[in-house]
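Reader: I'm new to looking at protein models. Could you walk me through one, feature by feature?

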Amino acid sequence: MIENGWNIECNEGQGEYLPETIIKRYKNIPKQWREFIGGIKCMMSSDDTTWFLCAEDFVTQSDEAFQWNEWELLSLESVEDDTKWQNEIRKFWDNHLPIVMSVKGCYSYYAIAIKDGSIVHGSEPEFEECEIVAPSFMYFMEKIVKGEIQL
């Protein structure tokens, strides 16, 4: 990633950095991903358009920054008067933990599908329509390193 111009800042020590709200919402978070974000403080493309969500990103931020669940919030806002659709959107995001966000070209994301640990990719306008790109976080990272997935 560094060779591709990414800005990476590591945590000084490995540890558990996820807020309790995330741990409660998402059961079965893959150990490999938790270890990964325990060691990474910031990981962003050189043009600041794509970034891995790290532990600090899951803490509520100001209104000026993108929230870790920004795409969920946008989807909910788009159907604000439709309770049925809001429930469907929440159900989707309760089962998909965002791990990479991008504003490069269009709003998009990569997320962990909690049911099986696979990695999915989705984009606007229908964020909840996604496709599996890797069977696990480790395979996802391997595909990035091999250049099979371009972030």
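**Reading the model, step by step**

Author: Happy to. Let's begin with charged pairs: the count here comes to five salt bridges. Keep in mind that this is a predicted model.

Reader: What is the idea behind a salt bridge?

Author: Side chains of opposite charge can pair when their charged atoms come close. Here, Arg25 and Glu72 do that, with N and O 2.9 Å apart. Arg25 belongs to helix H1 (residues 20-25) and Glu72 to helix H3 (residues 70-78), so this pair ties together parts that are 47 residues apart in sequence.

Reader: Which salt bridge does Asp94 form?

Author: Asp94 pairs with Arg25, and their closest N and O atoms are 2.7 Å apart. Asp94 sits in helix H4 (residues 83-94) and Arg25 in H1, so parts 69 residues apart in sequence are tied together by this pair.

Reader: Are Arg25 and Glu72 buried or exposed?

Author: Look at the relative accessible area, where buried means under 20% and exposed means over 50%. Arg25 has 24%, so it is partly exposed. Glu72 has just 5%, so that one is buried. As for Asp94, its 35% makes it partly exposed.

Reader: And what does Lys41 pair with?

Author: With Glu56, where the closest N and O atoms are 4.0 Å apart. Lys41 is in strand E2 (residues 40-44), while Glu56 is in the loop between strand E3 (50-52) and H3, so the pair ties together parts 15 residues apart in sequence. Lys41 is partly exposed at 33%, and Glu56 is exposed at 51%. Salt bridges with shared partners also join Glu9, Lys41 and Glu56 into one network.

Reader: Okay, let's go inside. Which residues touch the most other members of the largest nonpolar core?

Author: For a core, you look for buried nonpolar residues whose side chains are joined by contacts. The largest one here has 44 residues, and Trp33, Phe52 and Phe140 touch the most other members. Strand E5 (residues 108-113) gives the most to this core, with five residues.

Reader: What does Trp33 touch?

Author: Leaving out residues up to four places away in sequence, Trp33 touches Leu18, Leu53, Phe58, Leu97, Ile99, Ile112 and Phe137.

Reader: How should I read a helix that has a buried side?

Author: An α-helix has 3.6 residues a turn, so residues three or four places apart point the same way. In H3, the buried residues are Glu70, Trp71, Glu72, Ser75 and Leu76. What covers them includes H1, H4, strand E4 (96-102) and E5.

Reader: Can we do the same with a residue in a strand?

Author: Sure, take Ser108 in strand E5. Ser108 has a relative accessible area of 9%, so it is buried. Beyond its neighbours within four places in sequence, Ser108 is in contact with residues including Trp71, Val100 and His121.

Author: Val133 is another one to try, in strand E7 (residues 130-134). Val133 counts as buried at 17%. Its contacts, again leaving aside neighbours within four places, include Tyr110, Phe140 and Ile149.

Reader: What about pockets? How much space lies in the largest pocket?

Author: About 300 Å³. When you read a pocket, ask who lines it. This one is lined by 15 residues, and Ser75, Ile89, Pro125, Glu126 and Glu128 lie nearest its centre. H4 gives the most to the lining, with four residues. By class, the lining has eight nonpolar, two polar and five charged residues.

Reader: Which peptide bond here is cis?

Author: To spot one, check the omega angle. The bond joining Glu124 and Pro125 is cis, with omega about 5 degrees. Pro125 lies in the loop between strand E6 (119-123) and E7, and it is one of the residues nearest the centre of the largest pocket.

Reader: One more: where do I find a positive phi in a residue other than glycine?

Author: Try Asn28, where phi is near 65 degrees. Asn28 is in the loop between H1 and helix H2 (31-39), and at 64% relative accessible area it is exposed. Asp48 has a positive phi too, near 60 degrees. You'll find Asp48 in the loop between E2 and E3, partly exposed at 45%.

Technical notes. Residues numbered from 1 in each chain as written. Predicted model: local features only at pLDDT ≥ 70, side-chain atom pairs only at ≥ 80, totals over all residues. Heavy atoms only, no water. Core = buried A, V, L, I, M, F, W, Y, C linked by side-chain atoms within 4.5 Å. Buried < 20%, exposed > 50% of the residue type's maximum accessible area, 1.4 Å probe, protein only. Helix = DSSP H or I, 4+ residues; strand = E, 2+ residues; numbered from the N terminus. Contact = heavy atoms within 4.5 Å. Salt bridge = Lys/Arg side-chain N within 4 Å of Asp/Glu carboxyl O. 1 Å grid on protein atoms, 1.4 Å probe; cavity = no way out; pocket = protein on both sides within 12 Å on 5 of 7 lines; lining within 4 Å. Points joined across faces, edges and corners; volume = space filled by probe spheres on them. Nonpolar A, V, L, I, M, F, W, Y, C, P; charged D, E, K, R; others polar.
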